Amino acid sequence: MKVLASAVFGSALEWYDFYLYAQAAALIFNKIFFPSFDPLAGTLAAFGSYFVGFLARPVGGIVFGRYGDRVGRKKVLVITLLMMGVSTTAIGFLPSFLSIGIAAPILLTLCRVVQGLAAGAEYGASVVMSAEFAPPGRRGIYAALPALGVSLGIMLATAAFAVTGSLLSAAEFESWGWRVPFLLSILLIGAALAIRLRVSESPVFLALQKKKEIVKAPITELFTHARKPFFIAFGIRMAENSTAYIFQAWILTYLVQHGLSRSAGLNGVLIATTVSLLTIPLWGWASDRIGRKAVYMIGSVGIGLFTFPFFGIIDTLDPTLIALALVLMLSVFYQAMFASQGPLLTDLFDPRFRFTGIALARETTAIVAGGLAPFIATALLAAFPGQSWPISLYVIAMCVITTVALLMYREKRRDHDEVSST
């Protein structure tokens, strides 16, 4: 149970921190760190600094993935937790552009780089640890639990901004209130760190050590023996990662630009992420029963078909209908992909270079999918004012790429052999 608690609560803290930045970029950073731009251009600049974190993620994936495959999964989990917590807390203390000029966005970007390095290994390490502790036949639900932590982190980040915004006036929120969610991170580090320090090393990794099968160059082994799995992993991430940042973070910008209050958008995302705490383990359980590929396909095809109706509902600006649309999009279709992704990626890669394979595939995709998604969506909104159809087409294109990658994937379960070998 300690490893599962570590996966859930450690991931919750990591992604609370990471999504705080995404939501702040959508809501406030254009005013605090990029005030010389008009509102839409300021938002583009804020998302540009947000994208820098995605450029750092593959570096974190390469460095820590190699470390995790050579030295151990547990050590990576502790290092990434500290890096993410310290950098997020530092953002809460940063002076504004009006106080120190250009140094303010530069410092903000440096903090985002550290966040990106940590995020580049966090989820992969949590998935690998959870999967390698799973009993035979239950890898699906075990490896889905880090996704539960991610949703919990998003829920906490959204709630932190929603509560802070509701208790303060607009002027107070802009002056100092936005800092509170970032400063709260320091209070969460101790508890999450205490849990992670008590977790044992992965039994699969210990078995590799015992049999002297630790590889010296995991990246070389990956591209020698698993090139096709790597590109399949890259493809299946396109729809999942791009839609995550469009429908969990960028959608707040869209709603505010269309005249809806900040709290209405935040409440809708909060409701959807809360419901996800129920759907994630259900989709994980389903992936053990009907297969990872089938569950993932439900999510990819479902999002592609629902995207145009989704924006039609959003454009009503009815908070209740918006919340229902977000629940269906995020809690049902999106989580079908995200919950089954952990076990699917674990099955794709040999344990000798598994951490490197998962981290590198996830984080290189994050640049072109999740990192660019809010920027592309904002640029499309600027090019076609008030029109959502270009964004819908963009989302559908991502879903097509993922669906094709899934059709190339021949499902293989590794959990029985690995557990019996330990």
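Where is the place of Ile 401? The place of Ile 401 is in helix H19. This note on a predicted model begins with the whole chain and then turns to single helices, residues and loops.

1. **Overall make-up.** The secondary structure of the chain consists of 20 helices and 0 strands. The radius of gyration is 20 Å, close to the 22 Å that the globule rule gives for 422 residues, so the chain is as compact as a globular protein of that length. Taken along the principal axes, the box filled by the C-alpha atoms is roughly 60 × 45 × 35 Å.

2. **Burial and contacts.** Of the 422 residues in the chain, 60% count as buried. Contacts between residues at least 6 apart in sequence were also examined: 86% of these join residues at least 24 apart. A student following the sequence should therefore keep both the sequence position and the place in space in view, because 86% of such contacts link residues at least 24 apart.

3. **Surface and charge.** About 14,900 Å² of the chain is exposed, and carbon and sulfur atoms supply 71% of that area. The side chains include 32 positive and 22 negative ones, and the centres of these two sets lie 8 Å apart.

4. **Helix H19.** This helix covers residues 389–408. Its 20 residues should span 28 Å at 1.5 Å a residue, and the end C-alpha atoms are 29 Å apart, which agrees. The buried residues of H19 include Pro 390, Tyr 394, Val 395, Met 398, Thr 402 and Leu 406. An α-helix has 3.6 residues a turn, so residues three or four places apart point the same way. What covers the buried residues of H19 includes helices H13 (227–257), H15 (292–314), H16 (319–348), H17 and H18 (373–383).

5. **Ile 401.** Is Ile 401, also in H19, buried, partly exposed or exposed? Ile 401 counts as partly exposed, because its relative accessibility is 37% and the partly exposed class lies between 20% and 50%. Leaving out residues up to four places away in sequence, Ile 401 touches Gly 235 and Met 238. Ile 401 and Phe 18 are 383 residues apart in sequence, and their C-alpha atoms are 26 Å apart in space.

6. **Thr 243.** Helix H13 holds Thr 243. Thr 243 counts as buried, because its relative accessibility is 0%. Not counting residues up to four places away in sequence, Thr 243 touches Gln 248, Ile 303, Tyr 334, Met 337 and Val 395. Val 395 is also listed among the buried residues of H19. Thr 243 and Ala 373 are 130 residues apart along the chain, with 7.7 Å between their C-alpha atoms.

7. **Ala 366.** Helix H17 (residues 354–371) contains Ala 366. With a relative accessibility of 0%, Ala 366 counts as buried. When neighbours within four places in sequence are set aside, Ala 366 is in contact with Phe 54, Arg 57, Arg 237, Asn 241 and Gly 371. One of these, Asn 241, is 125 residues from Ala 366 in sequence but 6.5 Å away in space, C-alpha to C-alpha.

8. **Helix H14: Thr 273 and Pro 281.** Thr 273 is found in helix H14 (residues 262–289), and Pro 281 lies in H14 as well. How do they stand in accessibility? Thr 273 counts as buried at 1% relative accessibility, whereas Pro 281 is partly exposed at 23%. Apart from residues up to four places away in sequence, Thr 273 touches Ser 151, Ile 154 and Met 155. With neighbours within four places left aside, Pro 281 is in contact with Ile 141, Leu 148 and Ser 276. Pro 281 and Tyr 142 are 139 residues apart along the chain, and their C-alpha atoms are separated by 8.6 Å.

9. **Two loop residues with positive phi.** Lys 212 is found in the loop between helix H11 (203–210) and helix H12 (218–225). Phi of Lys 212 is near 55 degrees, a positive value in a residue other than glycine. Leu 317, in the loop between H15 and H16, is not a glycine either and has a positive phi of about 60 degrees. Lys 212 is exposed, with a relative accessible area of 75%, while Leu 317 counts as partly exposed at 31%.

Note on methods:
Residues are numbered from 1 along each chain as its sequence is written. This is a predicted model: local features need pLDDT of at least 70, side-chain atom pairs count only at pLDDT 80 or more; totals for chains, interfaces and linings use all residues. Side-chain values use heavy atoms; hydrogens and water are left out. Helices (H or I, at least four residues) and strands (E, at least two) are DSSP runs, numbered from the N terminus. The radius of gyration is taken over C-alpha atoms; the globule rule is 2.2 Å times the number of residues to the power 0.38. Buried means under 20% relative accessible area, exposed over 50%, partly exposed in between (1.4 Å probe, protein chains only). Contact means heavy atoms within 4.5 Å. Accessible areas come from the Shrake-Rupley method with a 1.4 Å probe; for residues, only the protein chains shown count as cover. Lys and Arg count as positive and Asp and Glu as negative; His and the chain ends are not counted. The place of a charge is taken as NZ of Lys, CZ of Arg, CG of Asp or CD of Glu. The expected span of a helix is 1.5 Å times one less than its number of residues.
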